Each structure stands twice: as structure tokens, then as C-alpha cells.
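User: I'd like a close look at one histidine and the parts of the chain around it. Keep it brisk, and give me the cut-offs as you go.

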Amino acid sequence: MRAETKDLATLMDLQEVDLNLLRSKKKFDGLSQRRAILALREKRKAIEAKQAQVAALRKEAEQEVARIDDEDERLQAKQAAAEEKIAAVKGDYRAVEAHTKELGGIAKRRNTLESELAPLGEKITQIEAIEAQVAEALGRVVGQEEETIASFQEDAGLLSDRIAELQATRDAAFASLEAGLADAYSKKVQRCGGIAVARLSGNLCSVCRNMLEEGKLLQVQGEAPLSECPYCRRMMVVLDD
């Protein structure tokens, strides 16, 4: 594999840039805030579901209070009408007795409604306290989510800038390589998981760390300054130490 000295330097620089790119992209993909944001969003959804459930309970209780108030209002009107009728038929004992009996029924029903209203008021007070607790919990989670998103955007932004900078450096280095060498490097990158270039270090491959036996070592040295690792098949730079 023929290569000029400047190409060897470019290959090693390119490999270093690609390693830094891999590390930066791995950091970007593994930012801890991603998991934290997802967890906080799940927590927020659960709290919002609880909030909706509590709101439904309050609405139901308030509707029941409104129903009782409406019925009591109608009974109050009936009570006033019965009292007026009693006043109008003072001499008619039977009519007075009938209206008096009606008044008793109305009063009894109003008392029943009043007894139903009291626990409803207590229930609504309890629900309001729960609503306040849920709203407070939701506010905390929303605040944590916003802070985590801001932290993620800051870290992701820095990493994105770093990745863009490295990519620009890589593109320039890659473009400066001889076409055949650039093509060979690209194929090795795809085949070898992003690490395409190794260096002969004594009788070891600097990447796979396999020891080259004498025959293979002589072959690689004979192909200097650029050969191929007989084990991991990466491009191998062979330089005089």
C-alpha cells in the first residue's frame, strides 16, 4: 500500500479526529439529561392524570352541591307559597291542615338536604387541599424538567459545536488524501468500527494488541511505511522508531 510521508501524517491525524468524533457523538447520544427528561415527563403525565382525577371529583361534588341548592331553592319557593295559602284560608281548617302538612314535608326535605350539604362542603375542602398538593408537585416537576432541558440544551450545544468543528477538520484532512488512499481509509472505517488505522509498535498492533510473529512482522516491515495488520486488517503505519 503506497503512501507519501505527508499522507501518513494525514492518516494518523484523520484517525485521531475520527476517534474524537466517535467519543463526542457517544457523549452526545449518552447525555444523562435525556433519561432524566423522559423520566420527568412520565412523572408529569402521572401527576397530570392525578390532577384530572381530582378535578373530576371536585366537579362531581360541586354538581351535587348545585343540585341540592337548586332543589332547596324550589322547596323554599314552595314553602313561601304554602305559607301564603295558609294565611289566605285562615277559616278553612282542612285547607290549613293540608298546607301545614305540606309545610312539614317541605321542612323535613330541606333538613335532609342540609344534612347532605354539610359533608359535601367538607369533601370539597379536602379535595381543594389535594388539588393544592398536586399543583405544587406538578409545579416542582415542571420546574425540574425545564432546568434539565436547559442543561441538556447547553451541554448538547457545546457537543454539537465540537462535533461540527471536528467534522470540518475531518473533511479537510480527508480531502487532502490521495484518492485511492482516501477510498481505502473509508472502507476500513466501515469495516473496523470507525478505527481504520493502527501503528506498528515494536512487534504489536497498537489497536488490536496482537503480537506479530516473525514472518508476519517481516512482511509488514517490508511493506513500510504503510501495511495492513494481519490480524485486525486495519491499515498499519510502519515508521522507524
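Is His99 buried or exposed, and at what relative accessibility?

Analyst: His99 counts as buried, at 16% relative accessibility. Buried means under 20% relative accessible area, exposed over 50%, and partly exposed in between, with a 1.4 Å probe and protein chains only. Since this is a predicted model, local features need pLDDT of at least 70 and side-chain atom pairs count only at pLDDT 80 or more, while totals for chains, interfaces and linings use all residues. Residues are numbered from 1 along each chain as its sequence is written, and side-chain values use heavy atoms, with hydrogens and water left out.

Start with the surroundings. His99 lies in helix H3. Helices (H or I, at least four residues) and strands (E, at least two) are DSSP runs, numbered from the N terminus. Leaving aside residues up to four places away in sequence, His99 touches Ala82, Lys85, Ile86 and Val89. A contact here means heavy atoms within 4.5 Å.

Next, helices H2 and H3. Helix H2 covers residues 32-88, and H3 covers residues 93-176. Gln76 sits in H2. Its relative accessible area is 42%, so Gln76 is partly exposed. The C-alpha atoms of Gln76 and Ala107 are 8.9 Å apart, although 31 residues separate the two along the chain.

Salt bridges link H2 and H3 as well. A salt bridge is a side-chain nitrogen of Lys or Arg within 4 Å of a carboxyl oxygen of Asp or Glu. Side chains of opposite charge can pair when their charged atoms come close. The count comes to 18 salt bridges.

Take Glu145 and Arg44: their closest N and O atoms are 3.1 Å apart. Glu145 is in H3, Arg44 is in H2, and their positions lie 101 residues apart in the chain. Glu145 is buried, at 5% relative accessible area. Arg44 is partly exposed, at 26%.

Glu131 and Arg58 form another pair, with a closest N to O distance of 2.7 Å. Glu131 lies in H3 and Arg58 in H2, so this salt bridge ties together parts 73 residues apart in sequence. Arg58 is partly exposed, with 24% relative accessibility.

Arg110 and Asp72 also meet, at 2.8 Å from N to O. Arg110 belongs to H3 and Asp72 to H2, so parts 38 residues apart in sequence are tied together. Arg110 counts as partly exposed at 21%. Beyond this pair, Glu64, Arg67, Glu71, Arg109 and Glu116 are joined into one network by salt bridges that share partners.

Now the chain as a whole. It has five helices and four strands. Their order from the N terminus is α-α-α-α-β-β-α-β-β. The C-alpha atoms fill a box of roughly 135 × 35 × 25 Å along the principal axes. The radius of gyration is 42 Å, whereas a compact globule of 241 residues would have one near 18 Å. That radius is taken over C-alpha atoms, and the globule rule is 2.2 Å times the number of residues to the power 0.38. Buried residues make up 29% of the 241. Among contacts between residues at least 6 apart in sequence, 69% join residues at least 24 apart.

Finally, the strands. They form an open sheet of four in the order E2-E1-E4-E3, with mixed pairing. Strand E2 (204-205) and strand E3 (226-228) are at the edges with a single partner strand each, so one side of each has no neighbour in the sheet. Two strands pair if DSSP finds at least two bridges between them. E1 (residues 197-201) and E2 run antiparallel, joined by two bridges. Leu200 stands opposite Cys205 in E2. Helix H4 (residues 179-191) packs on this sheet and touches E1, E3 and E4 (235-237), at about 115 degrees to the direction of E4. Helix H5 (residues 214-222) packs on the sheet too, touching E1, E3 and E4, and makes about 115 degrees with E1. Axes are lines fitted to C-alpha atoms, for helices over the stretch in contact, and angles run from 0 to 180 degrees between N-to-C directions.

Some backbone details complete the picture. The peptide bond from Ala224 to Pro225 is cis, with omega near 10 degrees. Pro225 is in the loop between H5 and E3. Arg233, in the loop between E3 and E4, has a positive phi near 65 degrees.
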